[in-house]
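Open the model in your viewer and keep the sequence panel beside it. This tour tells you what to select at each stop.

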Amino acid sequence: VNQLKLKNVKPIHTRVEDYQVEESFNLIITRAFSSLKDMLGICSHLCHTSGLFLAMKGKEPELEIKEIPEEFELVNIKVLNVYQLDASRHLLVIEQK
């Protein structure tokens, strides 16, 4: 944050399940963070009911998608092309029902 001189970012070093907010977020972005089921359970208290989760994954996680809790819905899966990376990457867009 300092190196990029970002002024509208506040880094917080804590476990997500311990982090509490007064106003929930419209967007939660995760990268390499547990299974989708666990991520949604751990992070759901931070996301507004009309908010979205963007989960970055490697290969398309077919088994994890089947385990998404019923109160959430997979809206879209986007294939990501990462510069100079010869590996599969996906972005999953998930909303609360």
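**Stop 1: strand β4.** Select residues 89-96, which form β4. Is this strand enclosed or open? Six of its eight residues are buried, so β4 is largely enclosed by the rest of the structure. Buried here means under 20% relative accessible area. Keep in mind that you are looking at a predicted model.

**Stop 2: the partner β3.** Keep β4 on screen and add residues 72-80, strand β3. Which way do the two strands run? β3 and β4 pair in the antiparallel sense, over eight bridges. Now pick out Glu73. Across from Glu73, in β4, stands Glu95.

**Stop 3: the partner β2.** Next, select residues 47-57, which are β2. β2 also runs antiparallel to β4, and six bridges join them. Click on Ala55. Its opposite number in β4 is Leu92. While the strands are on screen, recall a general point: in a regular strand the side chains alternate between the two faces of the sheet.

**Stop 4: the core.** Turn on side chains for Leu36, Met39, Leu40, Phe53 and Ile94. These residues have the most contacts inside the largest nonpolar core, which has 14 residues. Which elements give two or more residues to this core? They are α1, β2 and β4. Helix α1, residues 36-43, gives the most, with four residues. In soluble globular proteins, nonpolar side chains tend to be buried together.

**Stop 5: Met39.** Center the view on Met39. What does this residue touch, beyond its neighbors up to four places away in sequence? The list is Thr30, Phe33, Ser34, Ser44, Phe53 and Ala55. You have already met two of these names: Phe53 at the core stop and Ala55 opposite Leu92.

**Stop 6: the whole chain.** Now zoom out and show everything as a cartoon. Count two helices and four strands. Trace them from the N terminus: the order is β-α-β-α-β-β. The C-alpha trace spans about 35 × 35 × 20 Å along its principal axes. Of the 97 residues, 26% count as buried. Look at contacts between residues at least 6 apart in sequence: 58% of them join residues at least 24 apart.

**Stop 7: surface and charges.** Switch to a surface view. The accessible surface comes to about 7,600 Å², and 49% of it belongs to carbon and sulfur atoms. Last, color by charge. There are 12 positive and 14 negative charges, and their mean positions are 9 Å apart.

Notes
Residues numbered from 1 in each chain as written. Predicted model: local features only at pLDDT ≥ 70, side-chain atom pairs only at ≥ 80, totals over all residues. Heavy atoms only, no water. Buried < 20%, exposed > 50% of the residue type's maximum accessible area, 1.4 Å probe, protein only. Contact = heavy atoms within 4.5 Å. Areas by Shrake-Rupley, 256 points an atom, 1.4 Å probe, with all protein chains shown as cover. Lys, Arg positive; Asp, Glu negative; His and termini not counted. Charge placed at Lys NZ, Arg CZ, Asp CG, Glu CD. Core = buried A, V, L, I, M, F, W, Y, C linked by side-chain atoms within 4.5 Å. Pairing = 2+ DSSP bridges.
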